[in-house]
Amino acid sequence: MADNSTFQEGFNSTYSDNFNGTFNGTFNGTYSNNTNGTFTDTEEKVETIPISFYTPIIYAVILIVSLIVFARRYKESRLQKLAEQPEIFDEHDAKELYFELKEMSTKEKIHEKVLKAALLNRGAEAIRRTLKLKELGPQIELMYKNGSVGEDYWERFQAETKFVEVEFRDTIQESENLQPGWPKMFAALCQEICFNQALSRRYQSILKRKEICIKEWELKLNSDGTLAK
């Protein structure tokens, strides 16, 4: 039994040393050679391209400039398309009168109060149109959603709203040119004139309706406006 035990221990020790040494040497050598060769080949194929610090900045600037140019051209084409559409209101007599007086002032002397009065009338007309569009806005939008009005009329209405806003801002700028600091009171004066003109139109319509009723019903009135017996 002692001999067998000694033989077994010697065999295991010899076999283990030979196997481990052979396997480790072969595996480590093969893996090391393959790995080093693979990494070396990969590193040789990688190429780095140097990029300047200003390259992304230049790219961002070009992109921003392109967007600005595109937005400006789109806005100009949109405004031109809106300007070609017919207006909803009648001709702007107050605006035309102001520009005629302004042009005449370059050739001959025109009192400043005349230009101010014409500009106030122009601003009052702009406010009147703004109020009218705001009053009709919900009804026209409802009719557009229901299909009662077409796309062309809806675009005309939106364009007219924008043009009226631009018109009033233009009158504010003109008032500043005529008298610095005047725009603070200009808007309030235009609103007051607009309301007075509305009352005057209402009163004139009442008088006109009165004449129509007298003519149709063959009424006779006294000098004080009462019915004659």
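**Exercise 1.** In this predicted model, compare the expected span of H5 with the distance between its end C-alpha atoms.

*Solution.* Start with the length: H5 has 28 residues. Take 1.5 Å a residue, times one less than the number of residues. The expected span is 40 Å. The end C-alpha atoms lie 41 Å apart, which agrees.

**Exercise 2.** Classify the aromatic pair formed by Trp154 and Phe157, then place the pair in its helix.

*Solution.* The ring centres of Trp154 and Phe157 are 6.1 Å apart, and pairing requires them to lie within 6.5 Å. The planes make an angle of 20°, and planes under 30 degrees apart count as stacked. The pair is therefore stacked. Both residues belong to helix H5 (residues 151-178). They are three residues apart, about one turn of the helix. Trp154 and Phe157 are both buried. Other buried residues of H5 include Glu155, Ala159 and Val164. Ring pairs also bring in Tyr144, giving a cluster of Tyr144, Trp154 and Phe157.

**Exercise 3.** The structure has five aromatic pairs. Work out the geometry of one of them, Phe70 with Tyr74.

*Solution.* The ring centres are 6.4 Å apart and the planes meet at 20°, so Phe70 and Tyr74 are stacked. Next, the position: both are in helix H2 (residues 55-83). They are four residues apart, so about one helical turn separates them. Finally, accessibility: Phe70 and Tyr74 are both exposed.

**Exercise 4.** Which ring lies under the charged end of Lys116?

*Solution.* The ring belongs to Trp182. The charged end of Lys116 is 5.2 Å from the ring centre. The cut-off is within 6 Å.

Note on methods:
Residues are numbered from 1 along each chain as its sequence is written. This is a predicted model: local features need pLDDT of at least 70, side-chain atom pairs count only at pLDDT 80 or more; totals for chains, interfaces and linings use all residues. Side-chain values use heavy atoms; hydrogens and water are left out. Rings of Phe, Tyr and Trp (its six-membered ring) pair if their centres lie within 6.5 Å; planes under 30 degrees apart count as stacked, over 60 as edge-to-face and the rest as tilted. Helices (H or I, at least four residues) and strands (E, at least two) are DSSP runs, numbered from the N terminus. Buried means under 20% relative accessible area, exposed over 50%, partly exposed in between (1.4 Å probe, protein chains only). A charge sits over a ring if NZ of Lys or CZ of Arg is within 6 Å of the ring centre and within 35 degrees of the ring normal.
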